[in-house]
Amino acid sequence: MTDQTMSIEVMRYRPEQDKEPWLQSFEVPYSDDMSVLQGLQYIRDYLDGTLAFRWSCRQAICGSCGMMVDGVPKLACKTFLRDYPGKVRIEALNHFPIERDLVVVLDDFIDKLESITPYIVPKEDKPLSEGEYQQTPAQMDWYAQFSGCINCLLCYAACPQYGLNQDFLGPGAIALLHRYNQDSRDGACEQRMELLAAQEGVFNCTAVGYCSEVCPKAVDPANAVNLNKTAVAKDYFLRFARPKGGCK
Ligand code: SF4
Ligand code: FES
């Protein structure tokens, strides 16, 4: 492999024996093209087979390898050991309960994801014989950026408001909600608007913006939240004039 080694400090937590998480240090040989994920895989394969962490695609697509790297939410497969000369600290994602070592419990986000109706509800059903629901490239541009979300939860780990109040719908779910509300083929905007306007909706956000800084797919969830603060306010007034309010 290589002669150079570095120290990888990893958060450990085994609920059957540990009262609280603790840090364990491993000396790991590395090369310049090795990711943090590969460093963890080396530890698991050669030093301690009990280390638990999630991963799948190894190419920043599946969103499963989110963790704190020197205190910053990162995808382990997209972060390189060479950028942390000598030593790096790996911990479970902030703001989520720990299941084991670097594996966090995702139930809260999954519930939120289900609540936003994360799929297109056709404005009107038509038989297959009438063909596709068509869309122009310009209409696709309205939501394309927000459709890049990979559910990695880095934005939740970065969000101080979610850290204080886990009922907050949060940046990732709001970005995805925006993706569907902006889709010209979708007809479920009104029900999603209720979630945005609720107490735990967009106005819970205090506009820190760190969520967009850490997002590995340039989704810009902070922008989705801000756009929907305006959309909710507009919807409130438009409902006096038309039943669908601000929804098309
Ligand atoms: S918005 Fe970005 S950081 Fe948040 S879950 Fe989606 S891809 Fe991850
Ligand atoms: S392993 Fe899939 S995003 Fe990192």
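Which hand, left or right, does the link of Cys 189 and Cys 247 have? Before selecting anything, keep in mind that the structure on screen is a predicted model.

Start by selecting Cys 189 and Cys 247 and showing their side chains, where a disulfide joins the two with an S to S distance of 2.0 Å. Turn the view to look along the S-S bond: the torsion about this bond is -70°, and the link is left-handed. If you then colour the chain by secondary structure, you will find Cys 189 in helix H7, which covers residues 189-197, while Cys 247 lies in the segment after helix H9 (221-238), so that the pair links distant parts of the chain, 58 residues apart. With a surface switched on, both ends of the bridge can be checked, as Cys 189 is buried and Cys 247 is buried too. A search for further bridges can stop here, since the structure holds one disulfide.

Next, select ligand 1, which sits in the largest cavity, and display the residues that surround it. From one part of the sequence come Cys 149, Ile 150, Asn 151, Cys 152, Leu 153 and Cys 155, and the shell also includes Cys 215, Pro 216, Val 219 and Pro 221. Coloured by residue class, this shell around ligand 1 shows nine nonpolar residues and one polar residue, with no charged residue among them.

Stay with Cys 149 for a moment, because its relative accessibility of 21% places this residue in the partly exposed class, just as the cut-off for buried is under 20%. As a last stop, select Cys 77, which counts as buried because its relative accessible area is 12%, under that 20% limit.

Definitions and conventions: Residues numbered from 1 in each chain as written. Chains lettered and ligands numbered in written order. Predicted model: local features only at pLDDT ≥ 70, side-chain atom pairs only at ≥ 80, totals over all residues. Heavy atoms only, no water. Near = heavy atom within 4 Å. 1 Å grid on protein atoms, 1.4 Å probe; cavity = no way out; pocket = protein on both sides within 12 Å on 5 of 7 lines; lining within 4 Å. Sits in = over half its atoms within 2 Å of the grid points. Nonpolar A, V, L, I, M, F, W, Y, C, P; charged D, E, K, R; others polar. Disulfide = S-S within 2.5 Å. Helix = DSSP H or I, 4+ residues; strand = E, 2+ residues; numbered from the N terminus. Buried < 20%, exposed > 50% of the residue type's maximum accessible area, 1.4 Å probe, protein only.
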